[in-house]
Amino acid sequence: MNAVPAWGLVVETTVGTGERKHTEAQVVGHVNGSRQEALAELERRARSYSPTHPLSPRRRRLLRVGDGFLLVVDGAWQSFVTRFTVAELLEDSAAPRIPEPEPEAEAAPEPVAEATPPAPAEAREPELDADGVPVRPAWLGRRDLP
């Protein structure tokens, strides 16, 4: 079974000015599908992206590169770069874990036992959630309460 690949949409942008100018990266979205679909979504985001620097843009150039796009915005004193990259998601430590199905062992058929009536509600152990709190409150269903 081939799973549909997931693509991360990464934006690396210039922040700060002068000697404190540096690049920060963040994953701004995911696309499940083909690389071309991910690139189309990335281009849509790159075309509408408005960087915080420079404050007074003089020129804006959007360039296509092999794995995404490069946005160069010239300001009055310096240029600022934003790189848009599509990258295949291989692992995500924060993704919800899907339990793997356990292989079923071949077991001998169990002998058919005589049906026993279920224990009365008072005699059964209460079902507890992960924190040890009863799933069904003890008072639920009591007829002696107002």
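The legends below describe close-up views of a predicted model.

Local features require pLDDT of at least 70, side-chain atom pairs count only at pLDDT 80 or more, and totals for chains, interfaces and linings use all residues. Residues are numbered from 1 along each chain as its sequence is written, and side-chain values use heavy atoms, with hydrogens and water left out.

**View 1. The protein has one helix and five strands.**
Read from the N terminus, the order of the elements is β-β-α-β-β-β. Helices (H or I, at least four residues) and strands (E, at least two) are DSSP runs, numbered from the N terminus. Of the 146 residues of the protein, 22% count as buried; buried means under 20% relative accessible area, exposed over 50%, and partly exposed in between, with a 1.4 Å probe and protein chains only. A contact is defined by heavy atoms within 4.5 Å. Among contacts in the protein with a separation of 6 or more, 45% come from residues 24 or more positions apart.

**View 2. Strand 1 and strand 2 form a hairpin.**
Six residues lie between the two strands, and in the turn G16 has a positive phi of about 80°. The strands run antiparallel and are joined by ten bridges; two strands pair if DSSP finds at least two bridges between them. A6 stands opposite N32 in strand 2. Strand 1 is mostly covered, with nine of its ten residues buried.

**View 3. Strand 5 pairs with strand 1 and with strand 4.**
Strand 1 (residues 6–15) and strand 5 (residues 79–88) are antiparallel and share seven bridges. Strand 4 (residues 68–74) also pairs with strand 5 in the antiparallel sense, over seven bridges. R83 appears in both pairings: R83 is the bridge partner of E12, and L70 stands opposite R83. A hairpin of four residues leads from strand 4 to strand 5. In a regular strand the side chains alternate between the two faces of the sheet.

**View 4. Strand 3 and strand 4 are joined by a hairpin.**
The connection runs through two residues. Seven bridges hold these strands in an antiparallel pairing, in which L62 stands opposite L71 in strand 4.

**View 5. Helix 1 has a buried side and exposed residues on the other side.**
Helix 1 (residues 35–48) has 14 residues, and from the first C-alpha to the last it reaches 20 Å, close to the 20 Å expected at 1.5 Å a residue. The expected span is 1.5 Å times one less than the number of residues. A38, L39, L42, E43 and A46 are buried in helix 1. They cover an arc of only 140° around the axis, which puts them on the same side of helix 1; the arc is that of the directions from the helix axis to the C-beta atoms. R47 and S48, on the other side of helix 1, are exposed. The buried residues of helix 1 pack against strand 1, strand 2 (22–32), strand 3 (59–65), strand 4 and strand 5.

**View 6. The largest nonpolar core has 13 residues.**
A nonpolar core is a set of buried Ala, Val, Leu, Ile, Met, Phe, Trp, Tyr and Cys residues joined through side-chain atoms within 4.5 Å. Those with the most contacts inside this core are L9, A38, L42, F69, F84 and V86. Strand 1, helix 1, strand 4 and strand 5 each give two or more residues to the core, and helix 1 gives the most, with four.

**View 7. L42 and T85 are shown with their contacts.**
Not counting residues up to four places away in sequence, L42 touches L9, D67, G68, F69, F84, T85 and V86. T85 lies in strand 5 and is buried, with a relative accessible area of 11%. With the sequence exclusion of up to four places, T85 touches G8, L9, V10, E12, L42, D67 and G68.

**View 8. Y49 and F84 form the one aromatic pair of the structure.**
The pair is edge-to-face, at 5.3 Å centre to centre and 80° between the planes. Rings of Phe, Tyr and Trp (its six-membered ring) pair if their centres lie within 6.5 Å; planes under 30 degrees apart count as stacked, over 60 as edge-to-face and the rest as tilted. Y49 lies in the loop between helix 1 and strand 3 and F84 in strand 5, so the pair ties together parts that are 35 residues apart in sequence. Y49 counts as partly exposed at 25% relative accessibility, whereas F84 counts as buried at 1%.
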